[in-house]
Amino acid sequence: MAKQGTVAWSELMTTEVAQAKEFYGKTLGLNFTGFDRTGEGNYWVAMADGDAAWGIMDMSSRPGAPTGWFTYLAVDDVDARVVAATGAGGTLLMPAFDVPSVGRIAVLKDPTGAVIGLFKPTDRP
């Protein structure tokens, strides 16, 4: 697991998945592996030399959604860190939830207005 407070994962949220894959593939030499998110479109993982680097979330099912990068910080315990963050003036935007075989996530807004995800990956053998 990444060290607490460091970037654990980033994803590009866009309705223009094919264009993004083409751009980052040509620019950075990446390949992409897709995963079906039933009812929400595909999720693509950018692969760099066989390792997962970051993701592309297909926002086509959310018309008008802005395109942008989103960052998740590594934490040791999502629920405990949500309590700490809200106690320090943060606002909970998306309560903690589990993504099967990925990990636990919550989304907050810090006191400056920046939105950030907290992430603890699922333990893997």
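What follows is a working chat about a predicted model of one chain.

Colleague: How many helices and strands does the chain have?
Modeller: In this predicted model, the chain has 2 helices and 8 strands, and along the sequence they come in the pattern β-α-β-β-β-β-α-β-β-β. The radius of gyration is 15 Å, close to the 14 Å that the globule rule gives for 125 residues, so the chain is as compact as a globular protein of that length.

Colleague: And what does the C-alpha trace span along its principal axes?
Modeller: The trace spans about 45 × 40 × 30 Å.

Colleague: Which way do strands 1 and 5 pair, parallel or antiparallel?
Modeller: Strand 1, residues 7–14, pairs with strand 5, residues 68–74, in the antiparallel sense over 6 bridges, and within that pairing E11 has F70 of strand 5 as its bridge partner.

Colleague: How many bridges join strand 5 to strand 8?
Modeller: Strand 5 is joined to strand 8, residues 115–121, by 3 bridges, and these two strands run parallel; A74 stands opposite F119 of strand 8.

Colleague: Switching topic, what share of the residues is buried?
Modeller: Buried residues account for 30% of the 125 in the chain, while the exposed area comes to about 7500 Å², with carbon and sulfur atoms supplying 57% of it.

Colleague: What about contacts between residues far apart in sequence?
Modeller: Of the contacts between residues at least 6 apart in sequence, 48% join residues at least 24 apart.

Colleague: Last one: how many positive and negative side chains are there?
Modeller: There are 10 positive and 14 negative side chains, and the centres of the two sets lie 2 Å apart.

Technical notes: Residues numbered from 1 in each chain as written. Predicted model: local features only at pLDDT ≥ 70, side-chain atom pairs only at ≥ 80, totals over all residues. Heavy atoms only, no water. Helix = DSSP H or I, 4+ residues; strand = E, 2+ residues; numbered from the N terminus. Rg over C-alpha atoms; globule rule 2.2 N^0.38 Å. Buried < 20%, exposed > 50% of the residue type's maximum accessible area, 1.4 Å probe, protein only. Contact = heavy atoms within 4.5 Å. Areas by Shrake-Rupley, 256 points an atom, 1.4 Å probe, with all protein chains shown as cover. Lys, Arg positive; Asp, Glu negative; His and termini not counted. Charge placed at Lys NZ, Arg CZ, Asp CG, Glu CD. Pairing = 2+ DSSP bridges.
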